[in-house]
Amino acid sequence: MSDTFRLTLGQLNPTLGALSENAQKALRAWQEGKLAGAQFVALPEMFLTGYQTQDLVMRPAFAADAERVLQGLARDCADGPALGIGCPLVQGGKLYNSYAILEGGAVKARVLKHHLPNSDVFDEERLFTAGPVSGPYRIGPLRIGTPICEDAWYPDVAETLAESAAEILFVPNGSPYHRGKHDTRLNLMVARVIETGLPLIYLNMVGGQDDQMFDGASFALNTHGALAMQLPAMEEVIAHLDLTQTAEGWRIEDARKDPLPDEWEADYRVMVESLRDYLRKSGFGKVLLGLSGGIDSAIVAAIAADAIGPQNVRCVMLPSEYTSQESLEDAEAVARNLGCRIDTLPITGPRAAVTEVLAPFFNGTPSGIAEENVQSRLRGVLLMALSNKFGEMLLTTGNKSEVAVGYATIYGDMAGGYNPIKDLYKTRVFETCRWRNETHRPWMLGPEGELIPDRVIEKPPSAELRADQKDEDSLPPYGVLDAILEGLIDREASVAELVADGFDLDTVKKIEHLIFISEYKRFQSAPGARLTKRAFWLDRRYPIVNRWRDTSATRNH
Ligand SMILES: Nc1ncnc2c1ncn2[C@@H]1O[C@H](COP(=O)(O)OP(=O)(O)OC[C@H]2O[C@@H]([n+]3cccc(C(=O)O)c3)[C@H](O)[C@@H]2O)[C@@H](O)[C@H]1O
Ligand SMILES: Nc1ncnc2c1ncn2[C@@H]1O[C@H](COP(=O)(O)OP(=O)(O)OP(=O)(O)O)[C@@H](O)[C@H]1O
Ligand SMILES: NC(=O)CC[C@H](N)C(=O)O
């Protein structure tokens, strides 16, 4: 009779630092696996601590606490299936990223991560010691090899495990989303399957942590790369997988195959789930934002309504003498369509008071940016007063194009705790509004239908800080601006390359300059959902003081 093996996968959402809570969640998954007759219940990389821990994991007291909770968990799940869970390990004075196999009340095996990721958002060489390649471990009839996340991005660990008689590869991950990431993972894992001839199970974490979204979408591949299971993206799931021993080795029986979202849906959902988790994990149930009648605050309001429900989102219109009737109507319409409360707090009175106090100093000077920005800062003052009073976190609304060139007022419209669209270029904001108007999904807590009127999407963007102001007075049209930004930021292209692509030299140089001189603003800006491999935080770490400029298109040699 051939052997069979049931594996329960916990594609679950831990909270960083909530060690006991995460252990309890692991225990509930284990109980569910036990009831379903599993031999092994597995959780993702660093599930016990949450991920990414960054420097917190280097605190000796933190790693020791994680070990204490792990030992307690081992005792709690003594009687039943083995439990696999990612956690740190301190051994011989060194810190490892490890995967523990708990069985019979104790830690039965410990796999050490060998390849430490050290690019984009990862800094694991700073945090951990690279372990030697750990051998396979046996659970019941099955010898399992476990490359931990980055270990499976290279051939060597899987190859060594296959040579050490592993019969399947089980890969626990803490793999954060960026656009197109799932295809990258799938291609790499298919390569490991082809190279080793072993089936592979890829288990990813789910949930938001600061700017990163772990998007789940775990999957299983049989030999030759055939898909045996696909779990949904961005949802917590406990799934059971059955494996059968055949003459050709172990085979994963066909299991659920959930559809995955396209690029627009994935980005939108990341913005929604990141905000939802950021609020929940930091103890907020409500938000507020300044709703101007423009497109950026409209999409942020929609994301917030979808994340925590319209009844928990306060929209505030703060009109000045430059606010058009159209903006008042558009803000009203967006709030009404979403089902959110809208309050109106005119800033004309406070602005007159500030103007009067400054008059002895400003008299005789031309009116300009200083006067304009007072309006933006007064909005920040009033919104933060409401935030303090009612415990609503203030959302800030700058899109990636504005954040890139510093087109925002520091301590003004930049005030706020989280920015859902920080990594979304303005041209994508337009498309995302259209997409949301046409789409509704069960995970969206906001209503369906045309939430953002065409007029909001189509009018020329304006900060309305002076009469007849338009963004295009200061910046190139967003189509051109975003193409240049995508070159300079996302591709690290040189000025010469962009000019060779047909962009005007003076425009590219101006944008390059704006990016460099606004680094100080980004350093002081709120975090926001990461959608690309060049989001503004850990992906891109530039000096604040920087006098270098790219002369590749202007020098003679
Ligand atoms: N390197 C550096 N390190 C640290 N601080 C630095 C600095 N350089 C300037 N600063 C400081 O920053 C100040 C200049 O920055 P800031 O005060 O933001 O002013 P600024 O960047 O000059 O003006 C804000 C711009 O954002 C536009 N905008 C677009 C969209 C919306 C809104 C809105 O407000 O709703 C505004 C607005 O039209 C204007 O063009 C300087 O006065 C100085 O205090
Ligand atoms: N009249 C206003 N009432 C409420 N909030 C405002 C108002 N004007 C600006 N804000 C806030 O400041 C942010 C920056 O606004 P602004 O309109 O100046 O530029 P924007 O980038 O075009 O944004 P939007 O498309 O939302 O208008 C807005 O998204 C909004 O949160
Ligand atoms: N946690 C990890 O090792 C993740 C690294 C891997 N390159 C990923 O992003 O999926």
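Of the 20 residues around ligand 2, which come nearest? They are G290, S292, G294, S297 and A463, where a residue is near a molecule if its C-beta atom, placed from the backbone, lies within 6 Å of it. This is a predicted model, in which local features need pLDDT of at least 70, side-chain atom pairs count only at pLDDT 80 or more, and totals for chains, interfaces and linings use all residues. Residues are numbered from 1 along each chain as its sequence is written, while chains are lettered from A and ligands numbered from 1 in the order in which they are written.

**Around the ligands**

Let us stay with ligand 2 for a moment. Its shell takes two or more residues from each of β16 (287-290), α7 (295-308) and β17 (313-317), and α7 gives the most, with three residues. Helices here are DSSP runs of H or I with at least four residues, strands are runs of E with at least two, and both are numbered from the N terminus.

Ligand 1 has 14 residues around it, and S376, T409, D413, A463 and Y520 come nearest. Helix α10 (residues 369-390) supplies the largest share of the shell around ligand 1, three residues.

Ligand 3 is surrounded by E45, P117, F122, C149, E150, W153, N173, G174 and S175.

The table sorts each shell by residue class. Ala, Val, Leu, Ile, Met, Phe, Trp, Tyr, Cys and Pro count as nonpolar, Asp, Glu, Lys and Arg as charged, and the others, Gly among them, as polar.

| Shell | Nonpolar | Polar | Charged |
|---|---|---|---|
| Ligand 1 | seven residues | six residues | one residue |
| Ligand 2 | nine residues | six residues | five residues |
| Ligand 3 | four residues | three residues | two residues |

**Two domains**

The domain assignment gives domain 1 (4-260) and domain 2 (264-470 + 520-536); such bounds come from an automatic or database assignment. Taken over C-alpha atoms, the centres of domain 1 and domain 2 are separated by 39 Å. Their contact takes 15 residues from domain 1 and 17 residues from domain 2, with two residues counted as in contact if their C-beta atoms, placed from the backbone, lie within 7 Å. On the side of domain 1 that touches domain 2, β10 (206-209) and β11 (212-215) each supply at least two residues, and the largest share, three residues, comes from β11. That side of domain 1 divides into five nonpolar, five polar and five charged residues.

UniProt, in an unreviewed entry, places the feature "domain: CN hydrolase" at residues 5-245; its annotations may be inferred rather than shown by experiment. Over residues 5-245 the chain is 26% helix and 33% strand, and the end C-alpha atoms are 8 Å apart.

**Two helix pairs**

Two packed helices are described by the angle between their axes and the distance between the axes. Axes are lines fitted to C-alpha atoms, for helices over the stretch in contact, and angles run from 0 to 180 degrees between N-to-C directions.

Helix α4 (residues 155-163) and helix α5 (residues 181-196) have axes that come within 10 Å and cross at roughly 35 degrees. P155, A158, E159 and A162 of α4 make this contact with R192, E195 and T196 of α5. By class, the contact of α4 with α5 has three nonpolar, one polar and three charged residues.

Helix α15 (residues 478-490) packs on helix α17 (residues 505-517) at an angle of about 65 degrees, with their axes 10 Å apart. Here V480, L481, I484, L485, L488 and I489 in α15 meet T507, V508, I511, E512 and I515 in α17. The contact of α15 with α17 divides into nine nonpolar, one polar and one charged residues.
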